[in-house]
Amino acid sequence: MVETVVPTLAHRRRAVVTSVVTALAATALAACGTSGSPSAADRTEVSVMIPALGDLLDPRAAAGPADGGLLIGLEPLLRYQPDGSLAPDLATAVKQPDELDYVFTIRHGVKFWDGSTLTPEDVAYSLSLHIGKNSQSQNAALFTSVASVKATGDDQVEVHLSRPDPQLEYSVAQIGIVSQAFYDKHGKSVGTPSVLNMGTGPYKFAGFTPSKEIKFVANPAYWGPKPSYQKLTVDVVSDDAARLNGLQSGAYDVAFNLPLSQVASVARLKNLQLANTPDVSVYKFNLNVGTTPWNDIHLRRAFAMAIDRPGIVAGALSGNAVLAPTLVPEPVMQKFAGAQTTTAYQQMEKGYPYDIQAAKAELAKSSRPNGLTTQVLVTSSDPNLALIAQTAAQSLAKIGIKLEVKQVDDPTYYNAVYFKHTTQGVSLDLFSAAAPDAANIPIYSLLSANSLVKGGGGQNISDYVNPAVDTLLEKSQRNASDKAAAGAALLSALGTAQQDVPYVPIAFPKIYDAAAAGLHIEGFDAFWWMVDWPEHLAG
Amino acid sequence: MSALIAHNGVGRLHLGLRTPLLIARRLVLSLLVLLVVSIAIFAFVHLAPGGPEQAIAGEFASPAQLAAVRAHYHLDDPLWTQYAGYLGDLVHGRFGTSLLSHEPVLVAVRGAAGVTVPLMLMSWIVSVLLGTALGILAAVKRGTAIDRAVVAATTVGASTPLFAMGVVITWLFGIRFPLFPVVGSGDGGLDRLTHLVLPACTIGCLMVASVTRVARVSSLQVLDEDHVVFARSRGLSRKYLLFQEILRNVSTQLVTEAGAMLVLLISGQIVVEAVFNLDGIGTLLTDAIANRDIPLIQGITLLIAAFIVLVNMITDGVVLMLDPRLRKLGVKGRG
């Protein structure tokens with residue numbers, strides 16, 4: 001008996017071992033099979049990394065680049081183009097009878113994925129989700145000028161403003177249109193992984209992991225051109241090592257908005273193309289003019305002149321940025337204000353150059369002639385903040401200002417810097433425009449209505465209040481028909497504010513995108529997320 | 001296990017009389033621990049700067065918007081009122097709903113557990129079995145090249161930071177020799193398991209090292225004891241020595257170590273899930289903390305605390321069953 005049992009057991013063991021080895025080999029081969037790099041024509045699916053996603057598949061829960069996934073499924077009325085213009089999407093036309101009214105003509109025959117027809121009521125409902133003081137939408141700030149939205153007739157939606165808003169069309173281009181019936185049916189569950197959302201776009205939602213991943217499949221009944229891919233996956237990969245591994249292994253075909261600290265590493269990867277474009281954002285120190293001792297203009301001037309901005313661009317930012325003389329990148333301002341921009345920027349560049357002796361002289365005139373110790377908060381979600389702060393701390397120390405750099409988590413940082421202004425008067429941030437309009441950053445950063453002291457949202461981090469600057473900013477928004485006058489007002493506002501040093505602009509970072517061979521990565525600007533990017537990638 | 005209990009009639013008698021009392025006492029103590037943990041978590045979450053309204057309404061939110069969100073979720077109610085409501089829901093088995101993703105907490109945790117639990121089990125089972133085998137082998141081969149190799153490998157394994165181990169393993173088996181996926185959780189089934197191989201190896205390397213060291217040291221102690229020397233001198237087989245003398249006597253230390261490893265795995269998971277971009281419970285928790293998603297933070301941390309309490313209870317129970325000496329001490333000591 002024993003002699004017959006032992007060989008059987010041995011055989012079984014061998015069989016088990018063989019099975020395990022076979023299974024491992026099969027899974028390994030299966031894994032290898034997914035990481036191939038097909039040619040452009042053969043590619044049926046694309047995996048993309050983007051910097052952020054919302055916690056819900058709902059236009060209220062995502063803003064900025066986090067909208068880049070949503071806007072592929074939930075189409076906007078107007079579609080942003082890589083050249084900065086707006087093209088018809090779900091709206092075939094837009095008219096502006098006067099400076100306070102817009103009329104959108106809705107495209108006929110568009111169907112939601114469930115077969116129901118898109119109506120003007122759906123459009124009015126979609127826009128109204130972001131309107132009102134109590135709106136929980138992250139995009140509500142884009143629509144503070146809107147007084148009412150209503151569907152009129154069979155194919156029109158009227159938007160009435162309470163004040164002129166030249167940025168409205170860009171704001172509308174950031175909002176995905178949803179099905180009112182779907183929202184009525186699912187209530188608070190809309191946008192969750194089990195319910196998803198209902199749109200009209202070329203790609204339908206097929207899966208969702210909050211703030212991590214959206215899976216799409218092509219919509220065969222799309223009203224426009226046939227989608228180029230059968231499947232799309234949009235992921236957020238937060239860890240640097242995971243991001244690099246994902247690109248290197250071929251698990252991802254595209255990465256938008258690479259962290260500047262990883263650009264050099266990605267550039268060394270074979271079979272990847274790298275493209276860059278100027279960002280419409282600015283790294284800046286904010287000096288709160290309402291708090292002691294930063295209410296002292298001499299101290300603020302000393303601070304500004306003691307920061308080695310060229311050194312920061314070359315060192316901390318590895319040359320992947322452009323020195324910032326003011327809050328708005330020059331190419332963006334050129335589009336807005338035209339030729340007068342060059343002279344104005346040259347003048348602003350002379351404002352507060354890096355000059356330790358001059359900084360010491362200003363400090364001697366201030367209320368803190370012997371210098372001071374202060375703290376600046378940074379957050380790990382943007383490692384450049386710590387690098388900039390540490391570089392600035394070295395040069396500030398030369399005049400006796402000791403800048404202590406403290407790293408905190410995102411909520412602590414945003415709470416102190418943006419929402420409550422509870423820093424010690426000095427803060428450092430990267431402020432990104434919410435729309436490709438030159439006035440966007442100045443309005444948020446300089447208009448007194450956006451300061452906490454005037455009851456605003458706090459995006460005016462320095463709590464800077466200057467009625468003259470307010471007037472100039474408002475003038476820049478009212479002269480829609482006279483671009484030169486609007487541009488002159490905006491440039492004048494920036495120049496006036498610079499004299500008061502509520503902020504010290506450091507640099508305009510570049511945006512880097514990477515893509516596998518065969519994908520069309522060139523031509524995107526900072527607002528790639530508003531573009532129909534899958535089709536742009538397909539070329 | 002039942003054989004071991006039956007082997008010692010005195011122990012079985014003690015278990016029969018005292019165990020219900022012992023279990024009841026442990027359960028009450030465990031509930032008290034969970035209550036304290038829930039209070040501590042609640043206090044820390046509410047004392048931390050920032051709030052969920054900022055994550056919900058975004059960085060461009062107006063004060064009116066923020067106030068509306070706080071009012072909607074009753075975040076301005078007195079803390080004791082909020083805690084009482086939370087505790088009342090817990091008693092009824094309701095863990096609440098995420099403020100940001102609108103998913104019930106248990107649904108979100110269940111989804112993430114689909115990644116975390118297989119990962120934990122894969123790394124834990126393999127490392128406990130392999131670590132035990134290596135540790136005993138090294139002890140039996142004391143002073144030989146095998147022993148030195150095992151000691152050197154475990155020293156390297158135990159002293160390497162988890163993220164560094166992850167980077168090395170990923171590069172080797174995901175990039176240099178592309179055998180397994182290096183990022184993501186996969187789509188379930190075999191694809192999920194394939195995606196978990198490298199993360200499990202990463203955690204496993206660290207855990208194998210710890211288990212091996214414990215197994216080796218415990219085995220060396222046992223090997224020097226009189227009963228083993230006597231058994232050897234009687235010419236008893238290696239198999240008998242291994243199973244009846246060594247494994248049986250080091251089992252309590254190994255079970256204790258295995259329990260501790262399971263608890264340690266929780267913190268290790270957070271790092272590994274980040275390095276491999278896995279949508280597990282660690283990621284869910286760190287995201288919830290970053291968003292100040294109060295119900296999700298409270299739910300996950302309480303479930304983790306309950307898991308730790310449970311693991312400790314099971315470990316203690318198994319150790320008591322394995323070792324009659326401890327059982328007598330435990331029963332006497334605990335009254």
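**Figure 1. The open sheet of chain A and the helix that packs on it.** In this predicted model, strand β5 (residues 101–106) of chain A runs antiparallel to β4(A), and five bridges join the two. Within this pairing, Val103(A) in β5(A) is the bridge partner of Lys95(A). Both strands belong to an open sheet of four strands, which is ordered β4-β5-β7-β6 in chain A and is paired in the antiparallel sense. Its edges are formed by β4 (91–98) and β6 (146–152) of chain A, each of which pairs on one side only, and the twist from one strand to the next averages 20°. Helix α3 (residues 120–128) of chain A packs on the sheet, where it touches β5, β6 and β7 (156–161) of chain A, and the direction of the helix makes about 165° with that of β6(A).

**Figure 2. A β-α-β unit in chain A, with Thr391(A) in its helix.** Strand β15 (residues 372–379) and strand β16 (residues 401–408), both of chain A, pair in the parallel sense over eight bridges, and in this pairing Thr379(A) stands opposite Val408(A) of β16(A). Together with helix α13 (residues 383–396) of chain A, β15(A) and β16(A) make a right-handed β-α-β unit. Thr391(A) lies in this helix, α13 of chain A. Is Thr391(A) buried or exposed? A residue counts as buried if 20 or more other C-beta atoms lie within 10 Å of its own; Thr391(A) has 21 within that distance and is therefore buried. When neighbours within four places in sequence are left aside, Thr391(A) is in contact with Asp308(A), Gly311(A), Ile312(A), Gly315(A) and Ala316(A). Thr391(A) and Ala316(A) are 75 residues apart in sequence, yet their C-alpha atoms are 7.0 Å apart in space.

**Figure 3. The largest nonpolar core and the surroundings of Leu490(A).** The largest nonpolar core holds 224 residues, and those that touch the most other members are Val254(A), Ala306(A), Ile388(A), Leu490(A), Ala493(A) and Ala507(A). The largest share of this core, 15 residues, is supplied by helix α9 (residues 189–223) of chain B. Leu490(A), for its part, touches Phe336(A), Ala337(A), Ala438(A), Ala439(A), Pro442(A) and Ser476(A), if residues up to four places away in sequence are not counted.

**Figure 4. The side of chain B that touches chain A.** Contacts between the two chains involve 41 residues of chain B and 47 residues of chain A. On the side of chain B, the elements that give two or more residues are α3 (52–57), α4 (63–72), α8 (162–176), α9, α11 (238–275) and α12 (281–291), and α4(B) gives the most, with five residues. Sorted by class, this side of chain B has 24 nonpolar, 12 polar and five charged residues.

**Figure 5. Chain B as a helical chain, with helix α10 in the open.** Chain B has 14 helices and zero strands, and its C-alpha atoms fill a box of roughly 85 × 60 × 30 Å along the principal axes. Of the 335 residues in chain B, 39% are buried. Among contacts in chain B with a separation of 6 or more, 73% are between residues 24 or more positions apart. How many of the eight residues of helix α10 (residues 226–233) of chain B are buried? The number is zero, so α10 of chain B lies largely in the open. Gly235(B), which follows α10(B), has a positive phi, near 80°.

Definitions and conventions:
Residues numbered from 1 in each chain as written. Chains lettered and ligands numbered in written order. Predicted model: local features only at pLDDT ≥ 70, side-chain atom pairs only at ≥ 80, totals over all residues. Core = buried A, V, L, I, M, F, W, Y, C linked by C-beta atoms within 7 Å. Buried ≥ 20, exposed ≤ 12 C-beta atoms within 10 Å, placed from the backbone. Contact = placed C-beta atoms within 7 Å. Nonpolar A, V, L, I, M, F, W, Y, C, P; charged D, E, K, R; others polar. Pairing = 2+ DSSP bridges. Right-handed = clockwise from strand over helix to strand, strands pointing away. Axes fitted to C-alpha atoms, helices over the stretch in contact; angles between N-to-C directions.
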